[in-house]
Amino acid sequence: PGGGAGGPPAVPEESITYGAPRPDAPAGPMELFTASGRLFPVVVIACDRTETLRNALTSLMAAGASAQDILVAQDGANSAVAAVVAEFGVSHKAKRPPLVPLDGAQHIARTYKFALTRAFEDVFPGAPAVIVVEDDLVVSKDFFDYFSAVAPALERDDSLFVASAWNDNGFAKHGDPGALRRTGWFPGLGWLLPRKLWETELHPQWPDGHWDHWMRSDDVAKGRECVYPVVNRASHESEYGTFLDSWHDKRYFKPIVRQRSRFDWPSDAWRSVLRDVYEDRVRGLLAAAEHVSDVNAAVVGSALATTTPLALWFDFEENDDAPPGAADAWAPPPFVCVSEPFDLWHESRRGDHRGVHEVVGVAGRPVLLVKAPVAYDSLRPDGLTPLARAECPSVTWEDLGKEG
């Protein structure tokens, strides 16, 4: 799934300059589609898991989907999976088994290409976008409302390219259900794919392996960001997968907090993630913040009942993620010094926006964890030296509960 560890080198900052967002532009195809009362159709990627598929389909229909809104694209010909599809009466496309042996990444990449091609060309030819989920996701009741709420931003801001229902760091039980964020890290795990992006950029060069890492590469992302909700609109229901083990599941997937009730999204929710509006908000928080470079001070300060933002500055090297397949032999990255106290992934790029992670203290205080020097160093007070790796204790995977 999109949540696998590791990935490509980080996208260079400001590698491409995009024009100003167009908040007053006429409605685009995605906005017009949902304004007509239709839901974005869903492509469910499936293989051989029947119960999780049944749960996924049940949750999609509970969120408002009808059978004609859903395509199950199956890798292989498992008859039990086909039987579940028949129960729900949704569309079904099965990919033939390969003629030559493939590794797991190749299987998944080819299934995705098959699924998306069939969705756009055959099953949903009139849809301006599709939502992509895997068969082990359960979605919130406002899953479709969320994507309808944020789609206009993708059509008005060229510095955005997809929207996801998933927040990698969505563990807080007190998150704002209407808050939206931007990140340079493609989350996957329930995401909106515009037809234009698929047809003009992704389909012609779709990779033959590790498609999610490829989506995060500079060649594909091109400096663009993804929209995601602070409170997840999907949860992950399977403990194991091709690139998922029980440690990652227990630590980063099972604790995810999914929105349980339907949230009434305002009609202009998308405006908050337009680039200039978003930058003004982040810069405003940093300009008003109390600034520290000590983790303990940040932890104590984050619990205070105040609206004054708190900014913790750190400066660790970028080489903080294990390459694919090497995680067990890789020492934990220095970011654990910051991520552990604030309940974040140990990989610093997940959920960050230009080097900044936003969290909320238990009493509601806004907290920003800021990497220096990246985009906002001009807002760091003179004389404040960012936290350095040498000031952090050494941590092993065993310390984090991962057995060797």
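The legends below describe close-up views of a predicted model, beginning with the whole chain and moving on to its parts.

**View 1. The whole chain, with its twelve helices and 15 strands**. The C-alpha atoms fill a box of roughly 65 × 55 × 40 Å when this is taken along the principal axes. The chain has a radius of gyration of 21 Å, which agrees with the value near 22 Å that a compact globule of 404 residues would have. Buried residues account for 54% of the 404 residues, while the area that the chain exposes comes to about 16,700 Å², of which carbon and sulfur atoms supply 53%. If one takes the contacts between residues at least 6 apart in sequence, 77% of them join residues that are at least 24 apart.

**View 2. The open sheet of eight strands**. Followed across the sheet, the strands come in the order β3-β2-β1-β4-β8-β6-β9-β7, and their pairing is mixed. The edges are formed by β3, residues 91-95, and by β7, residues 180-183, each of which pairs on one side only. On average, and with direction ignored, neighbouring strands of this sheet are turned by 30° against each other.

**View 3. Strands β6 and β8 within the sheet**. Strand β6, which covers residues 160-164, pairs with strand β8, residues 191-194, in the antiparallel sense and over two bridges. Ser-164 has Trp-191 in β8 as its bridge partner.

**View 4. Helix α4 packed on the sheet**. This helix, made of residues 104-123, touches β1 (42-46), β2 (70-75), β3, β4 (129-134) and β8. The direction of helix α4 makes about 140° with that of β3, the strand that also serves as one of the edges of the sheet.

**View 5. Helix α6 across three strands, β4, β6 and β8**. Residues 195-202 form helix α6, which runs at about 65° to β8. Two of the strands that it lies across, β6 and β8, are the antiparallel partners shown in View 3, and β4 and β8 are also among the strands touched by helix α4.

**View 6. The hairpin of β13 and β14**. Strand β13, residues 356-360, and strand β14, residues 366-371, pair in the antiparallel sense over five bridges. Val-360 stands opposite Pro-366 in β14, and five residues lie between the two strands of the hairpin. In the turn, Gly-364 has a positive phi of about 100°.

Conventions:
Residues are numbered from 1 along each chain as its sequence is written. This is a predicted model: local features need pLDDT of at least 70, side-chain atom pairs count only at pLDDT 80 or more; totals for chains, interfaces and linings use all residues. Side-chain values use heavy atoms; hydrogens and water are left out. Two strands pair if DSSP finds at least two bridges between them. Helices (H or I, at least four residues) and strands (E, at least two) are DSSP runs, numbered from the N terminus. Axes are lines fitted to C-alpha atoms, for helices over the stretch in contact, and angles run from 0 to 180 degrees between N-to-C directions. Contact means heavy atoms within 4.5 Å. The radius of gyration is taken over C-alpha atoms; the globule rule is 2.2 Å times the number of residues to the power 0.38. Buried means under 20% relative accessible area, exposed over 50%, partly exposed in between (1.4 Å probe, protein chains only). Accessible areas come from the Shrake-Rupley method with a 1.4 Å probe; for residues, only the protein chains shown count as cover.
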